[in-house]
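Hi there,

Here is the structure I promised to pass on. Have a look at it, and then read on for what turned up in it.

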Amino acid sequence: MAAPPLPTPAGWPLSGVPVVQRGFAPPAVAWAPGHRGVDLVAKPGEAILAAASGTVVFAGSIAGKPVVSIDHGSVGTTYEPVVSSLSVGERVVLGQVIGVLGTGGHCRDCLHWGLREGRSYLDPLLLLGTRGGQLRLVAESQREVVQREAQARAKAAASATQTSAIMTLPGRPGSHGFLHPVAGAVTSVFGMRLHPLLKVWKLHDGTDFAAACGTAIRAPFTGVVTRRVFNRAYGNRLFLSHGSVDGVRVDTAFNHAASYLVRPGQRVSRGQVIGEVGSTGLSTGCHLHLMVWLNGRLSNPMSWL
């Protein structure tokens, strides 16, 4: 039987080269037990990427697990447990963030990545061709050690990336000089969406940036801390008043942080570290939820940054 044509280009569904915790082990017969995909070491809240361009055919819950499926023509890929705001029929491109790693999968701290042709399961590593690198399978007894190593590498990479971003993102041309508070991919935009935990359609009142827990949060612009509170939904919150910028009164808020390093009344400078990314409140994983008010009106943060 001829192998199906695979989508090209294609790549890993995680940034960098992840550790393969468990490889593809299909059953001898369709109904027998087996491992119909690969498990990649990842942390809850980590951004999940489309392994190739295609069309979303499913984004929802199966047996209590959040799943995303993408059709690439002759084959399809699946990602679980992945919390996503994508809609069926939406086009995605290689490397696009399709959601964040959730919880409730069959393995702890991992992404289960699958590849199918019709009802037949294939090894997802086939998509990588010669770019997959060395396959590393992890024994159960070594899983926690490998996870800690992977998390340390991810945190170091995020820190290095962020330092570069702070230097190279002083505000895009035509912007107002505001920095992105973390150098992470946008995983959920401002607007109406199905809340990943409450399962109701409601306004997502800010922009979510994917970032590992512990990643430094930086003040996007000079300002004064006005409030630092805890909220059941938003977790640890911090509010900054930036005064009048280009004739507009601007206020920002940072949510779900692990902790903050500044206090009410303190003046902060642009780029100053004000806290660390966390997953407090109603959160599916580590990320920063940024909110912006322009002249007292809640606004899309990406319209100002």
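An open sheet of 3 strands runs in the order E3-E9-E7, with antiparallel pairing. Its edges are strand E3 (47-49) and strand E7 (82-83), each of which pairs on one side only. Between E7 and E9 the antiparallel pairing covers 2 bridges, and Val 82 has Leu 101 as its bridge partner in E9. Please keep in mind as you look around that this is a predicted model.

There is another open sheet of 3 strands, ordered E16-E22-E20 and again antiparallel. Here the edge strands are strand E16 (216-218) and strand E20 (259-260), each pairing on one side only. E20 pairs with strand E22 (residues 273-276) in the antiparallel sense over 2 bridges. If you would like a residue pair to click on, Ser 259 has Glu 276 as its bridge partner in E22.

Now for the chain overall. Its secondary structure comes to 1 helix and 24 strands. The chain has 305 residues, and 47% of them are buried. Among contacts with a separation of 6 or more, 63% are between residues 24 or more positions apart. The accessible surface of the chain is about 14,500 Å², and carbon and sulfur atoms account for 55% of that.

On to the nonpolar cores. The largest one has 28 residues, and the members that touch the most others are Leu 40, Ile 48, Tyr 79, Ile 98, Leu 111 and Trp 113. At least two residues of this core come from each of strand E2 (38-41), strand E5 (65-71), strand E9 (97-101) and strand E10 (110-117). E10 gives the largest share, 3 residues. Leu 40 is a good place to zoom in: beyond its neighbours within four places in sequence, Leu 40 contacts Trp 12, Pro 13, Leu 14, Pro 18, Val 19, Val 20, Gln 21, Asp 109, Cys 110, Leu 111 and Trp 113. Apart from this core lies another, of 26 residues, including Ala 211, Val 245, Val 268 and Leu 294.

Two polar residues may also interest you. The first topic is His 289, which is found in strand E23 (residues 287-294). His 289 counts as buried because its relative accessible area is 4%, under the 20% cut-off. Which side chains does the side chain of His 289 meet in polar contacts? One is that of His 204, at 3.4 Å, and another is that of Asp 208, at 2.7 Å. Leaving out residues up to four places away in sequence, His 289 touches His 204, Asp 205, Gly 206, Thr 207, Asp 208, Tyr 234, Ala 253, Phe 254, Asn 255 and His 256.

One of those neighbours, Asn 255, is the other residue I wanted to show you. Asn 255 sits in strand E19 (residues 248-257). Asn 255 is buried too, since its relative accessibility is 0%. Its side chain makes a polar contact of 2.6 Å with the side chain of Arg 237. With residues up to four places away in sequence set aside, Asn 255 touches Tyr 234, Asn 236, Arg 237, Tyr 260, His 287, Leu 288, His 289 and Met 291. Tyr 234 therefore appears in the contact lists of both His 289 and Asn 255, given that contact means heavy atoms within 4.5 Å.

Happy browsing, and all the best!

Conventions
Residues are numbered from 1 along each chain as its sequence is written. This is a predicted model: local features need pLDDT of at least 70, side-chain atom pairs count only at pLDDT 80 or more; totals for chains, interfaces and linings use all residues. Side-chain values use heavy atoms; hydrogens and water are left out. Helices (H or I, at least four residues) and strands (E, at least two) are DSSP runs, numbered from the N terminus. Buried means under 20% relative accessible area, exposed over 50%, partly exposed in between (1.4 Å probe, protein chains only). A polar contact is a pair of N or O atoms within 3.5 Å; within protein, one must be able to donate a hydrogen and the other to accept it, and residues adjacent in sequence count only if both atoms are side-chain atoms. A nonpolar core is a set of buried Ala, Val, Leu, Ile, Met, Phe, Trp, Tyr and Cys residues joined through side-chain atoms within 4.5 Å. Accessible areas come from the Shrake-Rupley method with a 1.4 Å probe; for residues, only the protein chains shown count as cover. Two strands pair if DSSP finds at least two bridges between them.
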